Amino acid sequence: MASEESRADKESSNQLIRRALEELDRAFTGPPVAEPEDQQLRLALPALVLATEVAAIAVLDGQGGIVFASPQARKLLGLDQTATPEDGHAPAPPAEILAFRLVAITGTPLSDARCEIAVGGEERHVLSINAAPLPGDGGDTALVALAMTDLTEQYDYYERALRESEQRLKLATEAAGLGVWEYDAITDTYHWDERMMAIYGLEESQRPVTYRDWVALLDPEHHDRLEALTRREPTYGERREVEFRIQRPDGRTRDIRAVWQRIDDEHGRIQRLVGINEDITEQRELHSELEYRAAHDPLTDLFNRAKIQQLLRAAQAAYIRHHTPFAVLLFDVDHFKQVNDRFGHATGDAVLWLMARRIESVLRETDHMGRWGGEEFLILASQTDEAGAEVLAERIRHQVETTAFEGVGTVTISLGVAAAEPGTSLESLEQRADRALYAAKHRGRNRTVRYSQL
Ligand SMILES: Nc1nc2c(ncn2[C@@H]2O[C@H](COP(=O)(O)OP(=O)(O)OP(=O)(O)O)[C@@H](O)[C@H]2O)c(=O)[nH]1
């Protein structure tokens, strides 16, 4: 008797499986091939039994009870393997599965629905579920057939890969001193990492939330530049870059380079901006120091010979093109060897430095002075002919002559001047000024000689 009942149970269970599979099939691959009922069942049964061993198939009733679950489905859903609906212990499905009852109510199949199920402790299964309404015997929909695919391993793999890539990114951004930020364009909300906070010198209570909060941290002079750039958001994938200055609450200003990119939703609507901030203050300072050193003489802080030659070339080009006059003043300190010999080289250096400052104070903005070599200096006087250069030379000579150099007293200089002339090369002009200076030395020093009056 018992075995007859169990055979009957088995048959009704097989029929349920068969219907479930048919409905799933119909919902996702089209109607099954029509065959005489008996034959179809006979052919299908062994395959079904086999399929349900490996496939994760389950059937839910309208109340969310599990009417049937294949061994694989039980495993994925974390159900007691021994409990069966027939013995009155219909296993309760995990809460996440209950939502699939809706398929019975709406009558609409669901394809590839992602569902994460906690199966005790830390363990969880990530499932892809196809769900189809399963018409009851009277044609009314009361059951839901579920076919589940286990994606846990794939998810774990991608999650691990993502975590590793995040760690690598974190390491790289930390090593490079980069702050990372994200901006939610929908809610106007920033998320800043700790390095961003450190770059801006902010405490937790000062954390910026909206775009306006961030703009308030910028140097007001740089607002316009930024407004112009952010008014039009970048197109998808386009990278934006801008440099600006911030004012930290501690009063320090920092130079920042920001790079960001836009991230869209699947409809191409802007959703987020992600980017980095880099504190380039030191980089900038170093760069301008290098630039300064490349053009200046370390002892006198005047232009070095290379820089003054570059300026001479530019003046010569302007003279040739636009006939813009210019003149050259070449001068050196009289008997400077004696200064060194009597007071020492360091004192000699100090004389050269102070003399440079005193002369600078009588030059126009458009005149340039450089150290030509040793204690020899050159002044490029713009918009000046030879007579004008002589006037300037005398002003300079007087300025030096009347300067008291500490521990040394006074020193004098001799000057030679020459002006640009048609058909005269730069080299010739320099030689002319040199010859005039030589003449000034010969004529007794502490004087100016014009090349044209040699
Ligand atoms: N302290 C100091 N001395 C320098 C520097 N460059 C050149 N000198 C010195 O300048 C002196 C130039 O000597 P001289 O060429 O004989 O000329 P002078 O003694 O100035 O005599 P005149 O130019 O003929 O009036 C030398 O003693 C050099 O060592 C420098 O950078 N620092």
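The questions and answers below concern a ligand shell, a set of aromatic pairs and one helix residue in a predicted model.

Residues are numbered from 1 along each chain as its sequence is written, and side-chain values use heavy atoms, without hydrogens and water. Because the model is predicted, local features need pLDDT of at least 70 and side-chain atom pairs count only at pLDDT 80 or more, whereas totals for chains, interfaces and linings use all residues.

Q: Which element gives the most residues to the shell around the ligand?
A: The shell takes in residues with a heavy atom within 4 Å of the ligand. Elements are DSSP runs numbered from the N terminus, helices being H or I runs of at least four residues and strands E runs of at least two. Strand E11 (326-333), helix H12 (336-343) and helix H13 (345-360) each give two or more residues to this shell. The most, four residues, come from H13.

Q: How many charged residues does the shell around the ligand have?
A: In this classification Asp, Glu, Lys and Arg are charged, Ala, Val, Leu, Ile, Met, Phe, Trp, Tyr, Cys and Pro are nonpolar, and the others, Gly among them, are polar. Alongside four nonpolar and five polar residues, the number of charged residues in the shell is eight.

Q: At what distance from a polar backbone atom of Val-333 is an oxygen atom of the ligand?
A: Polar contacts with the ligand are pairs of N or O atoms within 3.5 Å. For the side chain of Asp-332, an N or O atom is 3.4 Å from a ligand oxygen, and for that of Glu-375 the value is 3.1 Å. For the polar backbone atom of Val-333, the distance to a ligand oxygen is 2.9 Å.

Q: Why is the pair of Tyr-190 and Trp-192 classed as it is?
A: Rings of Phe, Tyr and Trp (its six-membered ring) pair if their centres lie within 6.5 Å, and planes under 30 degrees apart are stacked, over 60 edge-to-face and the rest tilted. Tyr-190 and Trp-192 are both buried, that is, under 20% relative accessible area with a 1.4 Å probe and protein chains only. Because their ring centres are 6.3 Å apart and their planes stand at 75°, the pair is edge-to-face.

Q: Is Thr-173 buried or exposed?
A: Thr-173 lies in helix H6 (residues 152-175). Leaving aside neighbours within four places in sequence, Thr-173 is in contact (heavy atoms within 4.5 Å) with Leu-178, Val-180 and Arg-195. Because its relative accessibility is 9%, Thr-173 counts as buried.

How values were computed. Buried means under 20% relative accessible area, exposed over 50%, partly exposed in between (1.4 Å probe, protein chains only). A polar contact is a pair of N or O atoms within 3.5 Å; within protein, one must be able to donate a hydrogen and the other to accept it, and residues adjacent in sequence count only if both atoms are side-chain atoms.
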